[in-house]
Amino acid sequence: MNLTEKAEIIQWPETHYIFIEKVGPFDQTAPAAWNHLHQLVPEISENNHITGYTSLYKVKSQIYRAGVALSALPQQLPDGMAYVKFKGGKYGKFILTGSYSDLPSACGRVFEIVKEDKIQMRDDFCIENYTTDPSKTPDDKNVTEILIPVA
């Protein structure tokens, strides 16, 4: 697994974010949320400019949001989608290069590093930011930023 082991501290910007939310074990809710979202992307794109694909999640409460960032306030959202102006903030960024199937173990390792390095987390959503397009990028070259909210 190709994962950076040292957090880079960044400032995540305020973001117009629309999403599908599921609650429960991530191994079940994440694929279901993404499958639903991908079906809605053509309709979303008719009236909105998508600037990125991200998930927001809280481990303890098992809240998972599959969503997209927009360039402006959303217009005419499909049924079942929610909107929030995500406030962003200070995050520790780790980078996974490789298959999305590596994400569960990569996130597990990130949380081990957080504990080992005594990184103080604040109560906010963790982020997975998918920086490459898997339809155009070989599986082993996909880049995902794993971001942990830091105090």
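What follows is a walk through the predicted model of this protein, from its overall build down to single residues.

The protein is built from two helices and nine strands. Going along the sequence, these elements come in the order β-β-β-α-β-β-β-β-α-β-β. In other words, three strands lead up to a helix, four strands come after that helix, and the second helix is followed by a final pair of strands.

How does the radius of gyration compare with that of a compact globule? For 151 residues, a compact globule would come out near 15 Å, and the protein has 15 Å, so the two agree. Laid along its principal axes, the C-alpha trace stretches over about 45 × 35 × 25 Å. As for burial, 46% of the 151 residues count as buried. The contacts tell a story of their own: taking those with a separation of 6 or more, 77% are between residues 24 or more positions apart.

On the outside, the accessible surface amounts to about 8100 Å², and carbon and sulfur atoms hold 52% of that. Charges come as 15 positive and 19 negative ones, and the mean positions of the two sets lie 8 Å apart.

Next come the aromatic rings. Searching the whole structure turns up six aromatic pairs. One of them joins Tyr17 and Phe19, whose ring centres are 5.5 Å apart. Their planes meet at 20 degrees, which is under the 30 degrees used as the limit, so this pair is stacked. Tyr17 and Phe19 are both buried. Another pair brings together Tyr100 and Tyr130, with ring centres 5.5 Å apart and planes at 75 degrees, so here the arrangement is edge-to-face. This second pair ties together distant parts of the chain, as the two tyrosines are 30 residues apart. Tyr100 sits in the loop between strand S7 (89-97) and helix H2 (103-116), while Tyr130 belongs to strand S8 (residues 126-130). Are these two rings buried or exposed? Tyr100 has 26% relative accessibility and therefore counts as partly exposed, whereas Tyr130, at 12%, is buried. Elsewhere, Phe26, Tyr57 and Tyr64 make up one aromatic cluster.

Some loop residues are worth a visit too. The loop between strand S5 (63-70) and strand S6 (82-86) is home to Leu77. With a relative accessibility of 27%, Leu77 counts as partly exposed. Which residues does Leu77 touch, leaving aside those up to four places away in sequence? They are Ile18, Asn48 and Tyr83. Cys107 is another matter: Leu77 and Cys107 are 30 residues apart along the chain, and their C-alpha atoms are separated by 31 Å.

Just before Leu77 in the numbering comes Gln76, placed in the loop between S5 and S6 as well. Most residues other than glycine have a negative phi. Gln76 goes the other way, with a positive phi of about 50 degrees although it is not a glycine. Gln76 is also exposed, its relative accessible area being 61%. Gln62 likewise has a positive phi without being a glycine, with a value near 55 degrees. Gln62 lies in the loop between strand S4 (50-58) and S5. At 34% relative accessibility, Gln62 counts as partly exposed.

Further along, Thr137 is found in the loop between S8 and strand S9 (143-149). Is this loop residue buried or exposed? Thr137 has 18% relative accessibility; the limit for buried is under 20%, so Thr137 counts as buried. Setting aside residues up to four places away in sequence, Thr137 touches Thr132 and Asn142.

The last stop is a glycine in a helix. Gly108 is part of helix H2, and a relative accessibility of 32% makes Gly108 partly exposed. Gly108 and Leu56 are 52 residues apart in sequence, and from C-alpha to C-alpha they are 16 Å apart in space.

Technical notes:
Residues numbered from 1 in each chain as written. Predicted model: local features only at pLDDT ≥ 70, side-chain atom pairs only at ≥ 80, totals over all residues. Heavy atoms only, no water. Rg over C-alpha atoms; globule rule 2.2 N^0.38 Å. Buried < 20%, exposed > 50% of the residue type's maximum accessible area, 1.4 Å probe, protein only. Contact = heavy atoms within 4.5 Å. Areas by Shrake-Rupley, 256 points an atom, 1.4 Å probe, with all protein chains shown as cover. Lys, Arg positive; Asp, Glu negative; His and termini not counted. Charge placed at Lys NZ, Arg CZ, Asp CG, Glu CD. Phe/Tyr/Trp six-rings, centres within 6.5 Å; stacked < 30°, edge-to-face > 60°.
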